[in-house]
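Let's take a walk through this structure together. We'll start with one pair of side chains and work outward from there.

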Amino acid sequence: IQISPIEQRFVELYNPNEAVIDLTGWYLQRKTATSAEYSSFVTKNDFAEKIILANGYFLISRGLPNSDILIDDLTITENNSFTLKNPNREISDEMSFNIVGENKSIGRKLDVGDFELCAPTPKAQNITYVAPPPPEETDTTPPTVDFTLDPVQNSLNFAVNFLITDPFETVTPSGIGSYIFR
C-alpha cells in the first residue's frame, strides 16, 4: 500500500501460489482509525471476472500504468486497516499500519510474512526501504585570519580568495548566494 503522493496511491495484492486465483466474489474492506466498523473499499463488482496470475501482482490505483482496477477517489490514510475477504466471507489476508510517509509503501516480507516499509514497487516484488545515509561530518570550524595593524594606519586593503564546495548539492545552480566577513 502506498498513501502519498495522492496521485500515486495504490493497493497491491500478490498471489504467492502456483495457481491462478479468480477474484470474482472477493472484496476488500477498509477501517480508519476513528471507525468502529470496516467499510467497502473495493467491491465484489470491481473484482468480478478479475484474476491474479500465479506468483503475480494485482494493482488497484488512482491511475498508475498497468493497474488492474482504477479508482479515481482511492482514499487511503494513515492508521488504516484492510481486510481481504473471499467469496465465503472468510478473511484471506489483513493488515494495518500507522505512518508510512511520502514515496514509501508498506508491504509484506514474503519470507517471514511481516510487513515492512518499502520503496514503492507496483507490479513488482517489494524492495525494503533503506534510508539514505546521514551526511558525512565536515569541518565546520570557520577559518581565521589575524591582521597586525600599525596604530596610525587609516585604511586596510586586502584580497581574499576562497573556494566553497557544496557536498550536499543544496545550493542553487547559480552558485553561492552570499557570504559574510566579520
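Begin with aspartate 68 and lysine 123, whose side chains meet in a salt bridge at 2.7 Å, N to O. That term stands for a side-chain nitrogen of Lys or Arg within 4 Å of a carboxyl oxygen of Asp or Glu. Side chains of opposite charge can pair when their charged atoms come close. Aspartate 68 sits in the loop between E6 and strand E7 (69–70), while lysine 123 sits in the loop between E11 and E12, so the pair ties together parts that are 55 residues apart in sequence. A search of the whole structure turns up 1 salt bridge.

Before going further, a word on what you're looking at. This is a predicted model: local features need pLDDT of at least 70, side-chain atom pairs count only at pLDDT 80 or more, and totals for chains, interfaces and linings use all residues. Residues are numbered from 1 along each chain as its sequence is written, and side-chain values use heavy atoms, with hydrogens and water left out.

Are the two partners buried or exposed? Aspartate 68 is partly exposed, with a relative accessible area of 25%, and lysine 123 counts as partly exposed too, at 30%. Here buried means under 20% relative accessible area, exposed over 50%, and partly exposed in between (1.4 Å probe, protein chains only).

Now step back to the whole chain. It has 1 helix and 12 strands, and from the N terminus on the elements run β-β-β-β-α-β-β-β-β-β-β-β-β. Those labels come from DSSP runs, numbered from the N terminus: helices are H or I with at least four residues, strands are E with at least two. Buried residues make up 27% of the 182 residues. The accessible surface comes to about 13,200 Å², and 50% of that belongs to carbon and sulfur atoms; these areas come from the Shrake-Rupley method with a 1.4 Å probe, and for residues only the protein chains shown count as cover.

Next, look at E1. In this strand 4 of the 5 residues are buried, so E1 is largely enclosed by the rest of the structure. E1 pairs with E6 in the antiparallel sense over 5 bridges, where pairing requires that DSSP finds at least two bridges between the strands. Glutamate 12 stands opposite leucine 59 in E6. Valine 11 lies in E1 as well, and at 4% relative accessibility it counts as buried. Leaving aside residues up to four places away in sequence, valine 11 touches Ile1, Leu28, Phe41, Phe58, Leu59, Ile60 and Ile76; a contact means heavy atoms within 4.5 Å.

Some of those names come back in the largest nonpolar core. A nonpolar core is a set of buried Ala, Val, Leu, Ile, Met, Phe, Trp, Tyr and Cys residues joined through side-chain atoms within 4.5 Å. Of the 23 residues in this one, Leu28, Phe47, Ile60, Ile76 and Phe97 touch the most other members. The elements that give two or more residues to the core are E1, strand E4 (39–42), strand E6 (57–61) and E8. Leucine 28 has contacts that include Val11, Phe41, Phe47, Ile60 and Phe82, again not counting residues up to four places away in sequence.

E8 also leads us to a hairpin. Strand E8 (residues 81–85) and strand E9 (residues 91–96) run antiparallel and are joined by 5 bridges. There are 5 residues between them, and arginine 89 in the turn has a positive phi of about 65°. Leucine 84 stands opposite aspartate 93 in E9. Aspartate 93 is partly exposed, with a relative accessible area of 33%, and touches Phe82, Thr83, Leu84 and Arg108, not counting residues up to four places away in sequence.

Further along the chain you'll find an open sheet of 3 strands in the order E10-E11-E12, with antiparallel pairing. Its edge strands are E10 (105–108) and E12 (127–128), each pairing on one side only. Strand E11 (residues 115–119) is joined to E12 by 2 bridges, and alanine 119 stands opposite isoleucine 127 in E12. With E11 and E12 we're back at our opening pair: lysine 123 lies in the loop between these two strands.
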